[in-house]
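The following note sets out some remarks on the sheet and on the helices associated with it. The points are numbered for ease of reply.

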Amino acid sequence: MSWSVRRAFREALLLVLLALPLAAGVNAIRPNGLPLLENFAEREAAAARARFKTLSPLQAAELLKQGRAVFVDARQPDAFAMAHVPKAVNLTPAQAAAGEGRDLPRDKTIVIYCDGMACGASHAVAEELLRHGLDVAVLDNGIEGWIMTRGPLERAE
């Protein structure tokens, strides 16, 4: 590499190193700056909350107690068999996409859950059931939240 090419490269690198902090500083003080350090998982969860009604485990337990809810377990059948909310229906995202679940009661809230916050199965099932005009809600924190609030459980026979 010739001397002039190396010098041009160093000068370009210096310009970039000077420009980056300046650009970051301008972005930080702009009211509508670019979200450089955004938490994408949090943004995804907020978008899901905006699409679906969510219920805390205590709110869902109250609906269950009043007989105003049907619970749908969106996990796989083996997880459902181990433990689920009493009288819950097992409906996986694939089954919901195939049209199952349309016959769920329309006069009750369909409370859908899966493993926890990181599980997307409940949202996938909720999306399908919404298309059929059902009143759906996603259980905050899924079965983990239900267990943490000491909600009752039963096992498949």
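1. The model is predicted. I begin with the buried residues of helix α3, which pack against β1, β2, β4, β5 and α7 (142–148). These buried residues are Pro-57, Ala-60 and Leu-63. Viewed down the axis of α3, they fall within an arc of 120°, so they line one face of the helix. An α-helix has 3.6 residues a turn, so residues three or four places apart point the same way.

2. The other side of α3 has a contrasting character: Leu-58 and Lys-65 are exposed there. Just after the helix, Gly-67 adopts a positive phi of about 75°.

3. The sheet itself is open and has five strands, in the order β1-β5-β4-β2-β3, with parallel pairing. The edge positions are taken by β1 (53–55) and β3 (89–90); each has a single partner strand, so one side of each is left without a neighbour in the sheet. Helix α3, spanning residues 57–66, packs on this sheet and touches β1, β2, β4 (109–113) and β5 (136–139). The direction of α3 makes about 90° with that of β1.

4. How is each edge strand joined to its partner? At one edge, three bridges connect β1 to β5, and the two strands run parallel. Leu-55 stands opposite Leu-139 in β5. At the other edge, β3 is joined by two bridges to β2, which comprises residues 69–73, and this pair also runs parallel. Here Val-72 stands opposite Val-89 of β3.

5. Strand β5 merits separate comment. Besides its pairing with β1, β5 pairs with β4 in the parallel sense over three bridges. Within that pairing, Val-136 of β5 is the bridge partner of Ile-110.

6. Are the faces of β5 covered or open? Both are covered. Val-136 and Val-138 lie on one side, Ala-137 and Leu-139 on the other, and all are buried. In a regular strand the side chains alternate between the two faces of the sheet. Two of these residues also appear in the pairings above: Leu-139 lies opposite Leu-55, and Val-136 is bridged to Ile-110.

7. The connection between β4 and β5 should be described together with their pairing. Strand β4, helix α6 (residues 121–131) and strand β5 form a right-handed β-α-β unit, and the two strands of that unit are joined in parallel by three bridges. Both β4 and β5 are also among the strands touched by α3.

How values were computed:
Residues numbered from 1 in each chain as written. Predicted model: local features only at pLDDT ≥ 70, side-chain atom pairs only at ≥ 80, totals over all residues. Heavy atoms only, no water. Pairing = 2+ DSSP bridges. Helix = DSSP H or I, 4+ residues; strand = E, 2+ residues; numbered from the N terminus. Contact = heavy atoms within 4.5 Å. Axes fitted to C-alpha atoms, helices over the stretch in contact; angles between N-to-C directions. Buried < 20%, exposed > 50% of the residue type's maximum accessible area, 1.4 Å probe, protein only. Arc of directions from axis to C-beta. Right-handed = clockwise from strand over helix to strand, strands pointing away.
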